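User: Could you take a close look at the salt bridges in this model for me? I'd like to know which charged side chains pair up and how buried or exposed they are.

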Amino acid sequence: MSHESAYESVDAEFRKAHLSGRSPGLVYGVVLDGELIHSGAFGTTALDEERPPTVTTVQRIASMTKSFTASAVLLLVERGQLALDAPVASYVPEFQPMHSADSAPVTIRHLLTMSAGLLTDDPWGDRNESQTPEELDAFLAGGFLTGARPGEAFEYANLGYAVMGRVIDRVLGADGGFRAFVLDELVTPLGMPATTYDVSLVGSELAVGFQPRSSGWVAEPSTSPGTFSAMGGLHSSATDLARWVGGFTDAFRNPSAPHPLSPASRRDMQQAHRFIDVEAKEGKAAAAYGYGFGLIAEHHADHGHVAQHSGGYPGYGSHMRWHPETGLGVIALANGTYAAPVAAATEALRALVLAADRPRALPVPTTQQLVEEVTRRVAATIADHAPFNDHTVFTANVAMDVPEEERQVQLAKLREEVGLMRLAVEELTPRADGLGHIAWSIPAANGRYELEIKIAPTLEPRVQQVVVKATVPGDSAEVAAAVTPELDEG
């Protein structure tokens with residue numbers, strides 16, 4: 001699929017999402033390394049006038065806010081003001097979950113990874129946006145129901161992030177201090193002027209949020225910031241969010257780029273710390289899911305690692321997802337209750353990544369040299385029966401696993417099938433199929449050679465395994481011989 005076709009696919013996915021009728025308006029953008037490179041919009045942000053959304057339109061991003069709260073927590077950890085594995089009650093003594101007596105204390109890490117055993121509370125939490133610190137403290141001190149012991153299971157809970165905001169307040173010594181901290185220490189340095197907790201500061205760029213009723217769309221009243229803003233209170237635009245997404249892809253692709261939070265912490269946020277589920281739908285590549293720190297980490301069989309989070313709130317739905325390897329991302333904002341266009345964004349990003357040129361970087365600088373040396377040795381052995389093993393290239397186990405005589409027999413059989421190699425070593429294009437696992441292809445007189453090596457964890461890089469296969473055009477079955485046999489994972 002070409003880049004142009006990928007954009008067409010993106011547009012088609014979001015057009016279909018809008019036609020589903022879940023929101024009056026929808027705006028979306030494609031991000032590359034923090035910059036919007038493609039965008040589109042449908043519908044309106046107000047029913048009493050024709051006002052199409054744009055990439056500068058501002059709306060509540062709901063639970064996408066959790067990535068900002070988690071970033072604030074990790075920034076305080078980096079500054080030595082907060083400890084991830086400290087009990088929550090050491091910062092907020094009012095926190096009294098109704099866990100069993102044999103339960104471990106709930107820690108900051110438990111809250112961040114949705115593994116504190118708190119109940120799922122989307123509708124209830126969404127209506128507590130403006131709760132005061134005093135009201136939340138009283139609720140916590142009175143005890144509240146739980147669904148599992150801490151650290152045992154994933155359970156999505158807004159209350160946990162509201163409590164995280166309260167933890168930040170206590171560390172900073174100011175009620176509601178978490179909001180100012182996020183804006184001053186994260187949003188402002190990243191140049192995100194449209195991002196705010198206070199809807200009254202947005203102005204004419206605000207997208208009105210709508211509820212679907214039997215009589216049609218009804219405007220949802222806005223709410224003022226409070227304790228539950230830590231889980232879903234931010235408002236932002238696609239333009240601002242592109243910068244936010246870019247900060248996470250930069251952590252992998254451009255770690256020297258300025259950012260308030262270290263690359264290591266941003267990478268850690270995008271890892272699966274608490275398993276959620278595995279999904280295998282008919283006709284779709286299998287995927288596994290886990291919760292990181294304020295983000296969901298996914299691994300798709302067809303396009304690899306993705307980080308994402310949705311937002312759903314009365315009047316709004318949002319979604320952001322990105323592919324750290326390529327720096328590509330998708331952002332979508334809709335002004336209908338719980339109307340996050342997740343499926344459209346998922347398929348859009350998949351199309352973009354599969355259309356991208358994705359050569360994986362070789363793991364160590366000397367890998368190319370090893371690839372070239374192995375190629376020379378395979379070629380010489382096939383052509384002239386030259387000795388293959390050499391301790392300067394291979395680890396000792398290579399000769400032990402397949403003695404020299406056996407290796408000569410195997411490579412001779414491959415020559416009978418496809419002939420001599422036809423490619424200069426300077427033209428090789430190896431790819432990394434994993435850390436230390438390299439593969440490449442070489443044309444031959446009557447087919448192709450497929451080579452793989454695995455690099456040993458020695459200080460001076462050496463090859464611990466070599467696999468050579470031959471394929472013949474028109475024959476779907478491989479004619480193959482392993483120079484070193486595949487070993488069971490130990």
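Analyst: Happy to help; here is a walk through the salt bridges. This is a predicted model, so local features need pLDDT of at least 70, side-chain atom pairs count only at pLDDT 80 or more, and totals for chains, interfaces and linings use all residues. Residues are numbered from 1 along each chain as its sequence is written, and side-chain values use heavy atoms, with hydrogens and water left out.

The structure holds 21 salt bridges, each being a side-chain nitrogen of Lys or Arg within 4 Å of a carboxyl oxygen of Asp or Glu. Take Asp85 and Arg109, whose side chains meet at 2.7 Å, N to O. This pair links distant parts of the chain: Asp85 sits in the loop between helix H2 (66–78) and helix H3 (108–112), and Arg109 in helix H3, 24 residues apart. Helices here are DSSP runs (H or I, at least four residues), numbered from the N terminus. Arg109 is partly exposed at 29% relative accessibility; buried means under 20% relative accessible area, exposed over 50%, and partly exposed in between (1.4 Å probe, protein chains only).

Arg377 and Glu373 form another salt bridge, at 3.0 Å, N to O. Both lie in helix H12 (residues 367–384), 4 residues apart, about one turn of the helix. Arg377 is buried, at 15%, whereas Glu373 is partly exposed, at 23%.

In the pair Arg448 and Glu450, the closest N and O atoms are 3.9 Å apart. Arg448 is partly exposed at 35%, and Glu450 is partly exposed at 25%. Finally, salt bridges with shared partners join Glu94, Asp137, Arg166, Asp169, Arg170 and Asp175 into one network.

Definitions and conventions. Helix = DSSP H or I, 4+ residues; strand = E, 2+ residues; numbered from the N terminus.
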